[in-house]
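Thanks for making the time this morning. I would like to walk through one model with you, going from strands to helices and then to the place where the two chains meet.

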Amino acid sequence: MEIDVRDLPPPEPFINIMQALQTLPAEATLQVRIHREPFPLYDVLRGSGYAWQISALADGSFQIAIIHAR
Amino acid sequence: MTIASLSTDQSPPISFPFSFFALAPLFLVLATVMLALGEGNPFAETRTHAMLAATHCITLGFMTSVMFGAMQQILPVLVGSRMPAGRLVARLSLLTLLVGVLALCAGFILEQPTLLKLAWPLLGISFLIFISASLVSLARATARNDTWAALLLSLISLALTVTLGVLQARGYATGATLPYLELATAHIKFSLGGWVLLLIVGVSYQVVPMFQLTPSYPKWLTAVLAPALFAVLLSSAVLLLMEPYPHWIAVVTECLFWLLAASYATVTLKLQQQRRRRVPDATLSFFRLGMIALLLAALFSLIALFCPTTETYLRTLSVLVFLIGFALSAANGMLYKIIPFLIWFHLFRGGMKAGVPNMKQIIPEAWMWWHYRLQLGTLLAAICAPFWIVAAWAVMLGVLLQGLLLTTAVFTAIAVYRKNVRRIILAQA
């Protein structure tokens with residue numbers, strides 16, 4: 001599952017990511033493309049039982065892979 | 001202030017920044033009282049007692065309260081690190097700042113050394129607590145980017161400003177012989193050019209592209225601007241200690257400072273022109289007005305360097321336009337963006353399933369536009385205030401109304417938060 005939240009004003013990236021997570025199947029990964037590192041999102045992911053991995057891309061944006069924590 | 005919180009995770013409770021945001025506008029009201037108590041036209045020059053008291057109400061009272069509150073939220077969001085001992089830092093720094101500013105302003109306006117003796121230790125403690133906590137937060141930050149560097153230099157400038165201010169306040173209170181003119185000049189440079197400008201610059205690098213949907217600031221600017229501004233400020237302060245020095249060196253350092261500040265304003269205006277969503281936005285207009293005012297302040301100061309006959313007027317104008325046009329506009333623009341966002345964010349985390357209000361419903365947009373028009377009117381009046389008493393009274397009225405508007409906006413947002421917290425708690429019961 002993939003979403004691109006680049007160029008959306010706050011809080012739309014946050015809302016879109018949380019809505020996508022609500023429909024994320026148990027074994028699936030949500031791939032998020034975002035224009036900045038979303039520090040406040042990490043607290044919410046941690047508290048909601050998700051694990052994530054972030055990669056910085058050459059164009060200055062970020063790719064986040066989010067899965068259900070085991 | 002007690003505001004129930006919905007979340008217990010790593011972000012600071014909402015009451016920390018909102019205690020500062022609720023207090024800040026009251027200092028604008030107090031600044032008007034200080035100006036009204038002055039004799040004649042308080043804007044005719046910057047060193048009258050009324051102007052000193054009003055300036056400190058705006059810089060120490062309003063700007064510092066906004067920035068103390070904002071920094072507690074900005075640090076976790078922009079550099080991924082929260083302040084240590086948040087509750088203790090917020091309460092102690094707020095209380096000592098409030099009493100310290102009141103004592104300092106009363107000391108200036110009443111010419112009472114006893115009040116200055118009370119003010120400087122309180123303000124010293126307030127800033128020591130806040131700066132130490134912010135520096136610990138920056139040391140622990142996971143993101144060491146250009147914003148991080150600008151915030152660090154801004155905090156160092158604040159520490160220097162406070163040290164110079166405390167030295168002067170203590171000196172006046174005890175009657176000590178000190179080079180007051182040089183200390184005051186360095187104090188103004190580090191407070192306005194360092195603390196205020198560098199903080200707004202550092203926050204802009206993230207907030208302008210994020211909220212105004214512009215391209216990012218160019219790397220050549222963000223990598224160089226904050227260190228260069230700080231280096232120029234430090235050089236000009238060192239020059240003050242080495243008097244007498246050739247006049248042309250002072251001219252060169254001041255030109256450099258204003259050219260750097262103007263390049264920041266020009267790039268920001270250009271980025272705003274390239275924004276991806278071209279819809280009217282009051283907070284963007286506040287920021288744009290702030291940048292135009294910064295260019296005007298630069299222009300007045302640069303002309304003053306080469307026109308000795310009108311230097312005093314032009315320098316007074318530059319300070320007025322910097323404070324009322326640039327700093328106040330940027331702070332208002334930031335507050336109208338950050339307050340609805342924080343309310344929305346805290347409600348969303350606590351009550352995602354119960355539904356939360358749209359961010360745009362928290363403070364009505366029409367309200368922000370009225371405030372923007374008032375800000376524009378206050379700035380235009382400020383440009384005429386040093387030589388026209390009617391304009392001076394218009395500035396006082398403008399600052400007073402801005403304080404009242406902002407107070408109402410903050411408490412409207414708090415009421416929305418409280419109402420929704422009650423609804424979410426009931427829905428979850």
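In the hairpin that β3(A) and β4(A) make, where 5 residues lie between the strands, A:G60 takes a positive phi near 95°. Please keep in mind throughout that what you see is a predicted model, and that the angles and distances I quote are computed from it. The two strands of that hairpin, β3(A) and β4(A), run antiparallel and are joined by 7 bridges, and within this pairing A:I54 stands opposite A:I64 of β4(A).

Moving outward from the hairpin, β4(A) is also joined to β2(A), again in the antiparallel sense, by 5 bridges, with A:Q63 in β4(A) as the bridge partner of A:R33. On the other hand, β2(A), which covers residues 30–34, pairs with β1(A) in the parallel sense over 3 bridges, and there A:I3 stands opposite A:V32 of β2(A). Taken together, these 4 strands of chain A form an open sheet in the order β1-β2-β4-β3, and the pairing is mixed. Which strands stand at the edges of the sheet? They are β1, residues 2–4, and β3, residues 50–56, of chain A, and because each has a single partner strand, one side of each is left without a neighbour in the sheet. From one strand to the next, the twist averages 20°.

Helix α1 of chain A, residues 12–22, lies across β1, β2, β3 and β4 of that chain and runs at about 170° to β2(A). In the loop between β1 and α1 of chain A we find A:P11, and the peptide bond that leads from A:P10 to A:P11 is cis, with omega near 5°. As background for that remark, most peptide bonds are trans, and most residues other than glycine have a negative phi.

That brings me to chain B, where B:A85 has a positive phi of about 45° although it is not a glycine. B:A85 is placed in the loop between α2 and α3 of chain B. A positive phi, of about 55°, is also taken by B:L213, just after α6(B), and α6(B) itself has a kink of about 45° centred on B:S204.

Let me now turn to how the helices of chain B pack, beginning with α1(B), residues 15–37, and α3(B), residues 86–110, whose axes are 11 Å apart at an angle of about 0°. α1(B) and α3(B) are therefore roughly parallel to each other. From α1(B), the residues that meet α3(B) include B:F16, B:F20, B:L23 and B:F27, while α3(B) brings, among others, B:A90, B:L94, B:L98 and B:V101. By class, the contact of α1(B) with α3(B) has 13 nonpolar residues, 2 polar and no charged.

The helix α3(B) also packs with α4(B), residues 113–139; here the axes come within 7 Å and cross at roughly 150°, and that makes α3(B) roughly antiparallel to α4(B). The crossing in which α3(B) passes α4(B) is left-handed. Among the residues that make the contact are B:T96, B:G100 and B:A103 of α3(B), and B:A119, B:L122 and B:S126 of α4(B). This contact of α3(B) with α4(B) divides into 18 nonpolar, 5 polar and no charged residues.

A further pair is α5(B), residues 146–174, with α7(B), residues 219–241, which pack at an angle of about 15° with their axes 8 Å apart, and which are therefore roughly parallel to each other. The contact includes B:D146, B:A149 and B:L153 on α5(B), together with B:T222, B:A226 and B:F230 on α7(B). Its residues divide into 8 nonpolar, 2 polar and 1 charged.

I will finish with the contact of the two chains, which takes 18 residues from chain B and 13 residues from chain A. Which elements of chain B give two or more residues to the side that touches chain A? They are α2, α6 and α10 of chain B, and of these α10(B) gives the most, with 4 residues. By class, the side of chain B that touches chain A has 11 nonpolar, 4 polar and 3 charged residues.

Technical notes
Residues are numbered from 1 along each chain as its sequence is written. Chains are lettered from A and ligands numbered from 1 in the order in which they are written. This is a predicted model: local features need pLDDT of at least 70, side-chain atom pairs count only at pLDDT 80 or more; totals for chains, interfaces and linings use all residues. Axes are lines fitted to C-alpha atoms, for helices over the stretch in contact, and angles run from 0 to 180 degrees between N-to-C directions. Angles under 35 degrees count as roughly parallel, over 145 as roughly antiparallel, 65 to 115 as roughly perpendicular and the rest as oblique. Two residues are in contact if their C-beta atoms, placed from the backbone, lie within 7 Å. Ala, Val, Leu, Ile, Met, Phe, Trp, Tyr, Cys and Pro count as nonpolar, Asp, Glu, Lys and Arg as charged, and the others, Gly among them, as polar. Two strands pair if DSSP finds at least two bridges between them. The bend at a residue is the angle between axes fitted to the seven residues ending there and the seven starting there. A crossing is left-handed if the near helix is turned anticlockwise from the far one by less than a right angle, and right-handed if clockwise.
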